[in-house]
Each structure stands twice: as C-alpha cells, then as structure tokens.
Amino acid sequence: MLSKFRVCGLNGGWRIFSKVHERKYHRGLIDISPEVSRALRNSQPIVALESTIITHGMPYPQNLNTALEVEDTVRAQNAVPATIAIIKGRIKVGLSQEELVMLAAPDLKAIKTSRRDLAHIVSTGGCGGTTVAGTLIIASTVGIRLFATGGIGGVHRDGHVSMDISADLVELGRSPVAVISSGIKSILDIPRTLEYLETQGVCVATWMCPTMDFPAFYTRKSGEKATINFNSAHEAAQLIDTSLKLNLNSGILIGAPIPQEYAMDDDAIDEAISNAVEEARRDGITGKMVTPYVLGAIGKITDGRSLVANMALIKNNAKIAAQIAVELSSITNATTNVPQVNPHKYCPTIIGGSIVDICYTILNERDIEMNGATYKSETKISAGGVGRNLAEGISKLHGAARFISAVGADQNGAFIRKNLPEICNTDSMITNRAHPTANCAVVLNCAGECKIIVGDMQIHSSISPDLIERNEKAIADSSIIVIDANLTHETMEMIFKLCHKYKKPVFFEPTDMTIAPKPFELSQDLSSAVKFISPNIYELGAIGKFFGAATVPFGEISRFADEKEVLEFTTEMCTAILPHVDTIVLTLGHHGVVIASKNSPECEFFTKDQAYVPSLGHLSGRFYAATPVSSVVSVSGAGDSFASGFISAMLRRKKESVCVAVGFEATRRTLASSKTVPDVLFDANHECWSQKISAEKEFEF
C-alpha cells in the first residue's frame, strides 16, 4: 500500500499521484500545470473547477469573467485553482489565462464531456468542457480532493419514465472527491436524485444550515433534508480525511445555499423552470443538451437574473471549497508519516510591478520631432518591470522565489506569466479585469538614446494592502522581502507592518528617480523595515536629497567626467542615507558598484536559519570596479540582474565580496542577452559563488 500523499516514481509510462484511491493514468495523456503540479507534490490545498460552465453554461463574456473571478476567489483563500478541460486532445489540469480565453470563445466547437466522451475527444484531438462527472474522474485520477461547481446533475423530472439520470451521480459514487455545490439543479427531480445518491453511497451534507435544508440551486431550500450539517471548514475537512482513511472510494456532496442577496423567489423560479422545460420538449431537445438549453431559457424568462445568481453561487462555492481544502491540507500534513517539505519556506518574496516593455528603435538618422511624422523603426517586445525581473532572476539563481504582482486579463498578462520560470511561485499573482497589464513604450533614436517613454501603470494599484494581508503567511515564511517603487504608500505601509511583526528585512529597489524616496515618505517607525536599497546614481541623488543632502541637478550628474567625481558624490549621498538603512548597493554602470554598509564586509548577512543578521553600526564603504565587457547586446535589466545575484548570494550566506562577484556575473550574462533576464544564467557550480574579488577603494563615513 502506498503511503499517504507520496509521489511515486514512473513505471512503464504509468504514474500514480499520492494515495491508493487514485486511478492509474498514462502520463502522455494529461498535462498538469506547473502551479498544480507543485501543489500536488507538496500537499498544498487545491480546488478542482469544471469547464462546462465556460463552454456551455454561460454566454460570452460572462463565462470568461466568471472563470477568472472563480480562480481569483480560490487563490484569495490561499488555495490553488485547477480548472479542468480538454484542449486539442490534451487533458488539462490547471489552465493558463490564454487557454481560458480560448475555451470561452463563442466560436469554439467544444463538446460537453462526461465519462463516455473522454476517450473519443482525446483520441480525435478535440476540445471539451468537462461536466461534473468528467471533472470528478480527472480530479480523482491526479489526486485532487476538493471540487467546486454551481450545481450537480441528477434525475430528470421524468426520469422514472425516461431513465434520464445524470452520470454525475454515478461518478460521485465512485470518486473520493468532495463536491461543493448549491445543491442539485432545480430543473431536476431533487427528491429522486437524493434517493439515487444514497443508493450510490454518497454522503450528502449541508453547509452552515442547522435545519439541514438542502438547497435547490437558485433557491436556498428544496423542501428536502440532508442528514449532516457542517458548521465549519474544519468539520468538513475532518470528515473528508476520515473517509479517505477508510478507503471508501466514494464522494461527498456538500450543499451550500446561494447567498441570500442573490436567492430567487421560489414561485417565480418554479414557473420559469416549468416554462423552460416545456420549451425544451416542444423544440425536441434531448440528452446532454437539455440542461444548457433549459438554463438559457430560464435566463431569458428571468431577464438575466438567473445568470447573475449562477455567477454569484459558483464564486461562493469556490470560496467554501478553498477554505475546506486549506483545512484538509493542514490535517493531512499534520498526520502523515511522510515528511512535509515546503520548498518556499524561507525563500524570498518579491512584491512589485509586471510590465510588458515595447521598445522602438528609430531607423532614420534625422532627429525625432514631436510633429506627428511617421518614423520607421525596429520593435522589440519583452517581459519587464523591476519586480518581475527580480522575481525571474532570483528564482533562477536562488532556486525558489514567491512573486506577488498583478496583471490584466489580456494577452500581455498571459505573456508575463508564461515568461516566468516554473520555480517562481506565482500563486499570489492576481488577474485584474479592470485594467490592462502594465505596459511601457520606449522610443530610441538610431544611436540608441532614449527620447521618450510612455506607459500605462494603473494596474499597480491592484497590488493592494488587502492582497498583502492575505499573504501574511508568505511574508512570515520568507527570508527577505524585495519590493520595487511601483507600490502605493498604503501597500508599502502594510508590508512594513508585517515585516516588523515577523522581523523580516526589506530590500528596496528604487525603480525610478522620481519615486525613489517613496518608502521613506512614511513614518520612520515603518520605513525602518527597509534594510537594503539598490539605487543607481540618479536614484541615490533623489534619496540623498530627501534626507537633506546638498545634491546636484540631474544634468550635472550625467556629466560627471570620471570615477573620482562619481565617488565624491556617492560618499556625500551615502553619508546622508546610511543612518536610515543598513546597506546601500549602488550600481554605477560601467564603473562598477559601491557597497556602503553598517556591516563589516567579512560578516554574513543571514544565519543558517535564514534570519537576518542586524547591522553592527560601523559605517564603511567599498568600491568594486567592473570588469570591461567586450560586447553589449542590451543594457536593459542589467541593474536588476546585479541585485538578483547579490540577493541570491546573501541568502547563501556569502560574504560581501562574493555577493558582488555573483552580481557581476549575472550582469555580464544580461548585457550579452536581448532579454531583461537571460533564459539561462548559471548554476550553483559556477566559480563566481566562491570568487572573492577585492575592492579597488575603501572609505569610511
């Protein structure tokens, strides 16, 4: 017998996930998304979601919006959504945003997929929206224990004559999965359906309903009773866990009534259902097309009120399912004999902007004038944003990172997600349909000089204090919190409060000279959470000016002729800033970097338990000269790559000079790439991880 939640090896192409209850499946037929795969490996809470509601249950665009909102609802409870569907003959567990968009398209010829349809659709390369039955089969196969849907199928109103009984009921009887729904669709014969479920050995319960009135989809009561009621997610999780331990191999149906404000009048919905069923008979609708036809007819009869109710109840059910999944994961991990390893324990958390950069390089040699003329150009599109660049770089160098950000429900958002490595945990990355993904257009002249930058950054406000508060556990489990200046003051305030609470250091990347002082505009009690900053020379000047240093105009900084002028200016600025932070990591372009710190360069920044070592109070600085690079493809992202290398080396308990060496190597790789972060950086065996470089100049403040 297999141990609980053990991921077994491959055996002749067959694979088994976790418990003995899972069915065997051929690994060449099912694609599990990286997010879901990681959650399965680590026994994290997962909620399966069906796709028939997307392909057949709602009109466009409500179907797409609801699907995205339901996934966001699951993530908001710290669980992982796993929407299940068949796309081009591939069974998918966990869909990308692009796949959701494709599945929701009105012109997609998707088949409503139950057990009988699975082999046909897969073998012919078709697309299918999985029903409750189809989703149950696949969820059970890969080891997902919670499933949220709107309402399940059942015995049709004339089922005692036609024998029209939904396959949902049969699969519930043979799949060890708990289904949270708003009961049985009210267009069906609910009493006979409950009788059939009893015959199949399905445990039927209600959610937070002491009277145990079983819901009827659009209405909160069906007139029928359940035998069990759950008053909390923990109660439900305990029963599910016990059922799994007993190896009953049957499902559990939890009826969660529709939220009161969306519940419909009993008499009105009964009349609408009767009329819709009669329309279906008159139009000759039979078989699996009856339910979507009748639901559509009810929507027309109720002037769309039933659709609003449907959208509300599925989101409510997803929230409940996620809460139960979290509790079940906690119970399982506490009792299993298999050691539970959280790969993201003590890993860095990066919070910041995700931006699609569009760079236009003008081919004409004449000067660019803002006169409405058209200029021929070369165009390069890349994934960018300081926060995103740091998340990608640190993930590739450190081996794990969590990224909290926001993207839009558009192709750019899908592009951002696709360009992050699997090892980067994006569970807390939200999709906001109110704004497009942040984008930035840069116009360069033929000499490569930047002439103008325009951008839409409104979505950054979606990285809200509430989002941060929902991720409090992630912050508590992190070694360091890395932020950029795209965050609002309110969001920074929440981050700093949590970092003080859990004694976590903040590494701040200033992003732009106009917003570089942003965290220090908060009270010193809060901003003292910032232990590291990584400005360029212009951002350093802006922060120094905020703290009262006699800075110089931007134009004069850009005209510094030699290294001596640069270091004199740097010393003055660092003297003003160091009382407020522990370490300044200053990037100086082709000159190199300055590390100004309260710590000795021979001290490690973190302990073996990844706790930050407080500063020692000795103010000193070192200038490390950069090694000349023979060929530069692009300077975009070079500073972010240095910071990624420096942070990754700090977390490996390297001393300052090694941290600089790793940062330099990451920068060198980026300068030779057209991307802000190269596809490949370097592994733990590279010589830079043990290379101690000497400072060219040392100074005290």
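Me: Where is isoleucine 144 found?
Reply: Isoleucine 144 sits in the loop between α6 (132-142) and β9 (146-148). Those labels are DSSP runs numbered from the N terminus: helices are H or I with at least four residues, strands are E with at least two. Bear in mind that this is a predicted model, where local features need pLDDT of at least 70 and side-chain atom pairs need 80 or more, while totals for chains, interfaces and linings use all residues. Residues are numbered from 1 along each chain as its sequence is written, and side-chain values use heavy atoms, with hydrogens and water left out.

Me: Why does isoleucine 144 count as buried?
Reply: Its relative accessibility is 1%. Buried means under 20% relative accessible area (exposed is over 50%, partly exposed in between, with a 1.4 Å probe and protein chains only), so isoleucine 144 earns the word at 1%.

Me: Which residues does isoleucine 144 contact, leaving aside neighbours within four places in sequence?
Reply: Val36, Leu40, Ile46, Val47, Ala48, Ala82, Val93, Ala139 and Val177. Contact here means heavy atoms within 4.5 Å. As for alanine 178, 34 residues away along the chain, its C-alpha atom is 9.4 Å from that of isoleucine 144.

Me: Why are α6 and α8 called roughly parallel?
Reply: The axes of α6 and helix α8 (residues 167-174) cross at roughly 20 degrees and come within 8 Å. Axes are lines fitted to C-alpha atoms, for helices over the stretch in contact, with angles running from 0 to 180 degrees between N-to-C directions. Under 35 degrees is roughly parallel, over 145 roughly antiparallel, 65 to 115 roughly perpendicular, and the rest oblique. The pair is therefore roughly parallel. α6 passes α8 in a left-handed crossing, meaning that the near helix is turned anticlockwise from the far one by less than a right angle (clockwise would be right-handed). Val132, Ala133, Leu136 and Ile137 of α6 meet Ala167, Asp168, Glu171 and Leu172 of α8.

Me: What makes up that contact in terms of nonpolar, polar and charged residues?
Reply: Six nonpolar, no polar and two charged. The nonpolar class is Ala, Val, Leu, Ile, Met, Phe, Trp, Tyr, Cys and Pro; Asp, Glu, Lys and Arg are charged; the others, Gly among them, are polar.

Me: And why are α14 and α23 oblique to each other?
Reply: Helix α14 (residues 386-398) packs on helix α23 (residues 638-651) at about 45 degrees, with the axes 8 Å apart. That angle puts α14 and α23 in the oblique class, therefore the name. Here α14 passes α23 in a right-handed crossing. The α14 side of the contact includes Val386, Leu390 and Ile394, and the α23 side includes Asp640, Ala643 and Leu651. By class, the contact has seven nonpolar, six polar and one charged.

Me: Why do glutamine 97 and isoleucine 30 count as buried?
Reply: Glutamine 97 has 8% relative accessibility, so it makes the cut. This residue lies in helix α4 (residues 97-104), touching residues that include Leu68, Asp410 and Arg417. Isoleucine 30, in strand β3 (residues 30-32), is buried with 11%. Its C-alpha atom is 9.2 Å from that of isoleucine 86, 56 residues apart along the chain.

Me: How many of the chain's residues count as buried?
Reply: Of 701 residues, 55% do. The chain has 24 helices and 29 strands.
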